[in-house]
Amino acid sequence: MNYKLIDMPVHGDKRGKLVAIENLKDIPFEIKRVYYMFDTLPNESRGYHAHKDLEQVIIAMDGACRFVLDDGVNRETILLNRPDVGLYIGPGMWREMHDFSYGCKLVVLASKYYDEKEYIRNYDDFLASLKK
Ligand code: T46
């Protein structure tokens, strides 16, 4: 399974906590794009795709959501619910996002600019891509 959880370094004192993310240090790729999701709803799922080459780190800045990750053989579930933990997902992984808490906010750091041609949005095409 081409994913891992990354513990972000937390700087905390009596005022609260702060996480700093540095390119190529805390994140294993050069960050080309940042996007985020908000106004999420518990009954709406997202994802249902894989990426050809894209690498990403996803952080639940607020709230929680359940990721389903699938490499064509194994399927695992990850609960993302901490602002100091990043979920790294490499290429060749089908992902789905379910059970968003109300107003969950996800921030995503990505290794490439947005390119719809980089997506595999059909599960059978995803399985076929693994055999190439
Ligand atoms: C992923 C998961 C975790 C853009 O125009 N630029 C962008 O950078 C992105 C990410 C999306 N969009 C447009 C494309 C669609 O019209 O925003 C709309 C929603 O995108 P999508 O349906 O792909 O969103 P999710 O939540 O299903 O998937 C997103 C990312 O697209 C994907 O790379 O891994 O979050």
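Modeller: Before we start, a polar contact here is a pair of N or O atoms within 3.5 Å; within protein, one must be able to donate a hydrogen and the other to accept it, and residues adjacent in sequence count only if both atoms are side-chain atoms. This is a predicted model, so local features need pLDDT of at least 70 and side-chain atom pairs pLDDT 80 or more, while totals for chains, interfaces and linings use all residues. Numbering runs from 1 along each chain as its sequence is written, and side-chain values use heavy atoms, with hydrogens and water left out.

Colleague: OK, how far is the ligand oxygen from an N or O atom in the side chain of Arg121?

Modeller: Arg33 also has a polar side-chain atom by a ligand oxygen, at 2.5 Å. For His49, the polar side-chain atom is 3.3 Å from an oxygen of the ligand. With the side chain of Arg121, the N or O atom to ligand oxygen distance is 2.9 Å.

Colleague: And what share of the ligand's exposed area does the protein bury?

Modeller: Areas come from the Shrake-Rupley method with a 1.4 Å probe; for residues, only the protein chains shown count as cover. On its own the ligand exposes 660 Å², and the protein buries 68% of that.

Colleague: Which element gives the most residues to the shell around the ligand?

Modeller: Elements are DSSP runs numbered from the N terminus: helices (H or I) of at least four residues, strands (E) of at least two. Strands E4 (33-37), E5 (46-51) and E10 (94-98) each give two or more residues to the shell. The top contributor, with four residues, is E5.

Colleague: Away from the ligand, which element has the largest share of the largest nonpolar core?

Modeller: Such a core is a set of buried (under 20% relative accessible area) Ala, Val, Leu, Ile, Met, Phe, Trp, Tyr and Cys residues joined through side-chain atoms within 4.5 Å. The largest has 16 residues, with Ile58 and Phe67 among those with the most contacts inside. Strands E6 (56-62) and E7 (65-70) are among the elements giving two or more residues to this core. The largest share, three residues, comes from E7.

Colleague: One backbone oddity: Asp39 has a positive phi without being a glycine. Is that residue buried or exposed?

Modeller: Its phi is about 55°, and Asp39 sits in the loop between E4 and E5. Exposed means over 50% relative accessible area, with partly exposed between that and the buried cut-off. Since Asp39 has 64% relative accessibility, it counts as exposed.

Conventions: Buried means under 20% relative accessible area, exposed over 50%, partly exposed in between (1.4 Å probe, protein chains only).
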